[in-house]
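Student: I should like a close look at one part of this protein, namely the open sheet of three strands. Please set that sheet in the context of the whole model.

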Amino acid sequence: MQQILSYDAVVIGAGPVGLASAIEVQRRGLSVCVIDKGALVNSIVGYPTNMEFFSTPELLEIGDYPFPTAHYKPLREDALDYYRRVTVAEKLTLRLYERVVRLEGDAGEYIVVTDKAQIATRHVIIATGFFDIPNKLDVPGGNLPHVSHYYKEPYAHVDRPVVVIGAKNSAAKAALQMARAGAHVTLVVRGAEISESVKYWIRPDLINRIKEGRIKAYFNTLMQAVTPEAVELLTPDGPVSVPATYVYALTGYRPDYALLMALGITTQNDAASTPSHDPETFETNRPGVYLAGTVCGGLNTSRWFIENGRYHAQVIAEHIAATTNVPQPS
Ligand SMILES: Cc1cc2nc3c(=O)[nH]c(=O)nc-3n(C[C@H](O)[C@H](O)[C@H](O)COP(=O)(O)OP(=O)(O)OC[C@H]3O[C@@H](n4cnc5c(N)ncnc54)[C@H](O)[C@@H]3O)c2cc1C
């Protein structure tokens with residue numbers, strides 16, 4: 001028979017906000033474990049090699065640990081190292097490569113069911129982010145093996161025709177990096193221009209590379225199909241076939257709504273399909289179950305990020321401590 005473990009709180013997701021939440025709960029004298037279906041800070045593990053964060057290091061700090069970096073902006077590798085060191089320093093209990101599948105029970109007596117165990121707890125913090133469910137290309141061939149929603153590095157694409165779909169930061173950075181590494185990059189953009197939300201130091205760079213012809217771009221253009229050798233586009237001037245040995249569809253991600261449903265979290269009937277939660281306490285429609293970090297924004301995935309999402313941790317931990325009657329330091 002499977003052993004039933006027990007903690008005062010369970011955090012689902014070992015991203016920056018999940019870790020911050022576990023630290024704050026543990027510092028209030030409660031036992032907590034952090035479960036992740038992948039590695040520690042699994043989303044950041046999936047970011048491009050040597051990616052530079054747009055935030056300066058102090059804005060990514062959790063648990064009041066300083067984040068020293070050699071550069072003005074930290075790289076992906078700096079962040080991976082930082083969050084690991086903080087986790088070790090706080091002696092957080094981790095259950096990695098273990099997927100949460102549902103939540104059973106009621107207020108005060110929940111059972112978090114994973115693919116490996118059942119964990120009894122009074123409080124659950126859902127910090128599952130958005131990076132696991134890409135917005136898929138809904139066209140024939142959109143699931144072919146050379147179509148990816150995750151860009152890592154340019155080196156496999158030297159002297160090869162690559163198509164990048166999207167007009168936001170990730171698409172802009174991938175297109176620029178691959179073009180500079182010698183790939184033949186075509187950018188496909190549904191709207192009339194590169195998004196205004198692209199960072200102010202990246203947008204002019206991309207616009208100028210398009211102007212000088214190093215990157216070919218199609219605006220006001222719709223994807224029609226992906227074949228093993230090309231992408232079929234509908235441009236304002238009619239259909240165009242663009243050769244492509246690889247296609248990066250960098251068109252955003254969305255929270256795992258199937259998981260939220262399996263955890264019993266309802267969704268609001270608004271434009272962002274916001275998962276139900278009290279904006280003051282982050283408690284959901286299930287008492288003692290909280291949302292933290294990016295997942296709080298629903299489809300508005302740019303509403304919460306590390307800089308502002310890390311503050312959810314303290315609010316939630318205070319609410320948990322207050323409702324658990326743990327004596328707090330004055
Ligand atoms: C390329 C890129 C660059 C970025 N740069 C910045 C930046 O400079 N500054 C900034 O503030 N933000 C930045 N962001 C946004 C930021 O990284 C995210 O907002 C942040 O990761 C959110 O943290 P989180 O803890 O809420 O979620 P995540 O970091 O996404 O963590 C969620 C975790 O939940 C786990 N999980 C999901 N489902 C399950 C399950 N069923 N069972 C168990 N575990 C599960 C996942 O494996 C994952 O580890 C960037 C994002 C991207 C994509």
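Tutor: The account below begins with the sheet, then turns to the domains, the whole chain and two loop residues.

This is a predicted model, in which local features need pLDDT of at least 70 and side-chain atom pairs count only at pLDDT 80 or more, whereas totals for chains, interfaces and linings use all residues. Residues are numbered from 1 along each chain as its sequence is written.

The open sheet has the strand order β12-β13-β14, with antiparallel pairing. Strands here are DSSP runs of E with at least two residues, helices are runs of H or I with at least four residues, and both are numbered from the N terminus. Two strands pair if DSSP finds at least two bridges between them. The edge strands are β12 and β14 (238-243), each of which pairs on one side only. From one strand to the next, the twist averages 25 degrees; for this, axes are lines fitted to C-alpha atoms (for helices over the stretch in contact), and angles run from 0 to 180 degrees between N-to-C directions.

Consider each pairing in turn. Strand β12 covers residues 222-226 and strand β13 residues 230-235, and four bridges join the two in the antiparallel sense. These two strands form a hairpin, with three residues between them. Within this pair, Ala225 of the one strand stands opposite Glu232 in β13. On the other side, β13 and β14 run antiparallel and are joined by six bridges. There, Val231 is placed opposite Val242 in β14. As a general point, side chains in a regular strand alternate between the two faces of the sheet.

The domain assignment of the protein gives domain 1 (3-133 + 253-323) and domain 2 (147-249); such bounds come from an automatic or database domain assignment. The contact between the domains takes four residues from domain 1 and five residues from domain 2, where two residues are in contact if their C-beta atoms, placed from the backbone, lie within 7 Å. The side of domain 1 that touches domain 2 has two nonpolar, two polar and no charged residues. In this classification Ala, Val, Leu, Ile, Met, Phe, Trp, Tyr, Cys and Pro count as nonpolar, Asp, Glu, Lys and Arg as charged, and the others, Gly among them, as polar. The centres of the two domains, taken over C-alpha atoms, are separated by 33 Å.

For the protein as a whole, there are eight helices and 17 strands. Its radius of gyration is 22 Å, close to the 20 Å that the globule rule gives for 330 residues, so the protein is as compact as a globular protein of that length. The radius is taken over C-alpha atoms, and the rule is 2.2 Å times the number of residues to the power 0.38. The C-alpha trace spans about 65 × 45 × 35 Å along its principal axes. Of the 330 residues, 42% count as buried; a residue is buried if 20 or more other C-beta atoms, placed from the backbone, lie within 10 Å of its own, exposed if 12 or fewer, and partly exposed in between.

Two loop residues complete the picture. Arg99 is found in the loop between β3 (93-95) and β4 (100-106), and with 14 other C-beta atoms within 10 Å it is partly exposed. Not counting residues up to four places away in sequence, Arg99 touches Lys37, Thr114 and Asp115. Arg99 and Lys37 are 62 residues apart in sequence, yet 4.2 Å apart in space, C-alpha to C-alpha. Lys116 lies in the loop between β5 (109-114) and β6 (118-126), and Lys116 counts as partly exposed, with 13 C-beta neighbours inside 10 Å.
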